[in-house]
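Visitor: I'd like a close look at one part of this model rather than a tour of everything. Could you pick a stretch, stay with it for a while, and then show me how it sits in the rest of the chain?

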Amino acid sequence: FHVLASAPLPGAPLASPVNPVLLGSATLSGGGGSAVNSIAPAGNLVYVATSHDNGEVQVINVSNPQSPTVFCNPAQPTVACKEDLSGIIDGVAVAVAGKRLYVGRGAAPNSLTILDITNPLDPVPIVGGTGGTVSLGGAVRDITVSGPYAYLATADSAREFVRVNVVNAASPVIDSVADLDGGAFGLTLAGTPWSETRTAIR
């Protein structure tokens, strides 16, 4: 995990949008073999979807960007901030909205899982319903959340675009789908929250 600067920071090397410089790096819990698949910044924290079997979601403290750390809680300086999701399937995509963390996973179970981040340092499963999980037909490659919906780009050849109603975070449900040519790798919304008029898929 690396932090780059594209604007000057106190005590940091000069940087610009066209000349970013490396500020700091952090090794994920589980070692250098854990791939960073997706990141979602939230203030001084960055949530990371990883390939680590015992920490598919990890939290990086970047309050000091020149020394980011997975040991994000000063009260527990030797305990990595992470959440071990069920099974050994990679975390592929991640997004933050309010007090919820949305995690997309690859291979079986090909799911979207919503975690509670009321304590931002400690993502935890949601209790009740389906445990905040909805199964899909392909890996979730990208997530964008707006209002009551999570929009997903997936590897499902019959449902590359999926919209999930997340009003009840404990039991999210698929609201609508679209069949596109080939798999979808990313998406961007354009329009006012809760009434999107365009969705770009790549």
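Guide: Let's start with strand β8 and its two partners, then move outwards to the cores, the salt bridges and a separate sheet.

First, some ground rules. This is a predicted model, with local features needing pLDDT of at least 70 and side-chain atom pairs counting only at pLDDT 80 or more, while totals for chains, interfaces and linings use all residues. Residues are numbered from 1 along each chain as its sequence is written, and side-chain values use heavy atoms, with hydrogens and water left out.

Now to β8 itself, which spans residues 100-105. Strands here are DSSP runs of E with at least two residues, helices are runs of H or I with at least four, and both are numbered from the N terminus. Of the 6 residues in β8, 5 are buried (buried is under 20% relative accessible area, exposed is over 50%, and partly exposed is in between, with a 1.4 Å probe and protein chains only).

On one side, β8 pairs with β7 (residues 91-97) in the antiparallel sense, over 6 bridges; two strands count as paired if DSSP finds at least two bridges between them. Look for Gly-91 across from Arg-105 of β8. The hairpin of β7 and β8 leaves 2 residues between the strands, and Gly-98 there has a positive phi near 60°.

β8 also pairs with β9 (residues 111-116), again in the antiparallel sense, this time over 5 bridges. Here Leu-101 faces Leu-115 of β9. This hairpin has 5 residues between its strands, and Ala-107 is the one with a positive phi, near 50°.

Side chains join β8 to β9 as well: Arg-100 and Asp-116 form a salt bridge at 3.6 Å, N to O (that means a side-chain nitrogen of Lys or Arg within 4 Å of a carboxyl oxygen of Asp or Glu). Since Arg-100 is in β8 and Asp-116 is in β9, the pair ties together parts that are 16 residues apart in sequence. Arg-100 counts as partly exposed because its relative accessibility is 27%.

By that rule there are 4 salt bridges, so let's visit two others. Asp-175 and Arg-163 meet at 2.4 Å, N to O. Asp-175 sits in β15 (residues 173-178) and Arg-163 in β14, so this pair links parts 12 residues apart in sequence. Asp-175 is partly exposed at 35% relative accessibility, and Arg-163 is partly exposed at 21%. Then there's Arg-159 with Asp-156, at 3.3 Å, N to O. Arg-159 comes out as partly exposed at 25%, whereas Asp-156, at 12%, is buried.

Back to β8, and inwards. The largest nonpolar core has 17 residues, and those touching the most other members are Tyr-102, Leu-112, Ile-143, Ala-150, Leu-152 and Val-164 (a core is a set of buried Ala, Val, Leu, Ile, Met, Phe, Trp, Tyr and Cys residues joined through side-chain atoms within 4.5 Å). Two or more residues of this core come from each of β7, β9, β12 (140-146), β13 (149-154) and β14 (161-165). Among the residues that Leu-152 touches are Leu-112, Ile-143, Phe-161, Val-164 and Leu-187, with residues up to four places away in sequence not counted; contact means heavy atoms within 4.5 Å. A second, separate core holds 14 residues, including Ala-40, Cys-72, Cys-81 and Leu-85.

Elsewhere in the chain, 4 strands make an open, antiparallel sheet in the order β3-β4-β5-β6. Its edges are β3 (36-42) and β6 (82-83), each pairing on one side only. Inside it, β4 and β5 (residues 57-61) pair over 5 bridges in the antiparallel sense, with Leu-45 bridged to Asn-61 in β5. Val-48, in β4 (residues 45-50), is buried at 0% relative accessibility. Val-48 and Val-59 are 11 residues apart in sequence but 6.2 Å apart in space, C-alpha to C-alpha.

Finally, step back to the whole chain: it has 17 strands and 0 helices, and 43% of its 202 residues are buried. Among contacts with a separation of 6 or more, 41% join residues 24 or more positions apart.
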